[in-house]
Amino acid sequence: METPGHRFATALAAKDAAALRDVLDQDIDFRALTPGREWAAASPDEVLEVLFGHWFEDDDRIDRLVDVAEGAPVEDTGHVAYRLAVTNPAGAWTVEQQAYYRSEDDRIGYLRVLCSGYRPVR
């Protein structure tokens, strides 16, 4: 069975808003750190606005989920790391994120994400 963290990474890579809403609890406690900015959200719609309104915009095509790896849980907190291949008008990029999450009933209610930022493909 896929963990909620794996489902989150897969849905993000597919830019699948419905699948993301399915895996996020209605009272999500979301915080994230990207190069130069902190993010916060308290609902699935707010999380989607961060993800697709700022991080991966319309011009950003997520070509594939390069890698997804589940780390050992830290007690009640799951860990998933994922790497994305992204293309946009400025070129080809690699983005890696580390996420820590807590879930009940297979839905993420607590999510912390750390992002590498867009790194140019050499």
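For what follows, Ala, Val, Leu, Ile, Met, Phe, Trp, Tyr, Cys and Pro count as nonpolar, Asp, Glu, Lys and Arg count as charged, and the others, with Gly among them, count as polar. With that wording, the lining of the largest pocket comes out as two nonpolar, six polar and three charged residues. I should say at once that this is a predicted model, and I will keep to what has been computed from it.

Let me stay with the pocket for a moment. Its volume is about 150 Å³, and the residues that line this largest pocket are T3, E70, G71, P73, E75, D76, T77, G78, H79, Y101 and S103. If you trace them on the structure, you will find that strand 3, at 61-74, strand 4, at 77-88, and strand 5, at 91-104, each supply at least two residues of that lining.

Those strands deserve a closer look, beginning with strand 3 and strand 4, which pair in the antiparallel sense over 10 bridges. They form a hairpin with two residues between them, and in the turn E75 has a positive phi of about 55 degrees; E75 is also one of the residues lining the pocket. Across this pair, G71 stands opposite H79 of strand 4, and both of those residues belong to the pocket lining as well.

On to the next pair: strand 4 and strand 5 are antiparallel too, over 11 bridges, and a hairpin joins them through two residues. One bridge here sets R83 against E96 in strand 5. Strand 4 itself is mostly covered, with 10 of its 12 residues buried.

Now to the interior. How many residues does the largest nonpolar core have? There are 33, and those with the most contacts inside the core are F8, F30, W55, F56, Y82 and L111. Several elements supply at least two residues each to this core, including helix 1, at 4-13, helix 3, at 44-55, strand 4 and strand 6, at 107-115. Helix 3 gives the most, with six residues.

To take one core residue in detail, F56 touches L12, K15, L51, I62, L84, V86, V95, Q97 and Y118, if we leave out residues up to four places away in sequence. L12 brings us to helix 1, which is mostly covered, seven of its 10 residues being buried, namely P4, G5, F8, A9, A11, L12 and A13. K15, also on the contact list of F56, follows helix 1 and has a positive phi, near 50 degrees.

I will finish with two single residues. Is P44, in helix 3, buried or exposed? P44 is buried because its relative accessible area is 6%, and buried means under 20%. Apart from neighbours within four places in sequence, P44 is in contact with R21, L24, D25, Q26 and I28. The C-alpha atoms of P44 and D63, which are 19 residues apart along the chain, are separated by 24 Å.

The other residue is D29, in strand 1, which is partly exposed because its relative accessible area of 27% falls between the limits of 20% and 50%. D29 touches A41, G109, Y110, L111 and R112, again not counting residues up to four places away in sequence. Between D29 and R102, 73 residues apart along the chain, the C-alpha separation is 9.8 Å.

Conventions
Residues are numbered from 1 along each chain as its sequence is written. This is a predicted model: local features need pLDDT of at least 70, side-chain atom pairs count only at pLDDT 80 or more; totals for chains, interfaces and linings use all residues. Side-chain values use heavy atoms; hydrogens and water are left out. On a 1 Å grid over the protein atoms alone, a cavity is a set of points where a 1.4 Å probe fits but cannot get out, and a pocket is an open set with protein on both sides within 12 Å along at least five of seven lines; lining residues have an atom within 4 Å of a point. Grid points are joined across faces, edges and corners, and a volume is the space filled by probe spheres set on the points. Helices (H or I, at least four residues) and strands (E, at least two) are DSSP runs, numbered from the N terminus. A nonpolar core is a set of buried Ala, Val, Leu, Ile, Met, Phe, Trp, Tyr and Cys residues joined through side-chain atoms within 4.5 Å. Buried means under 20% relative accessible area, exposed over 50%, partly exposed in between (1.4 Å probe, protein chains only). Contact means heavy atoms within 4.5 Å. Two strands pair if DSSP finds at least two bridges between them.
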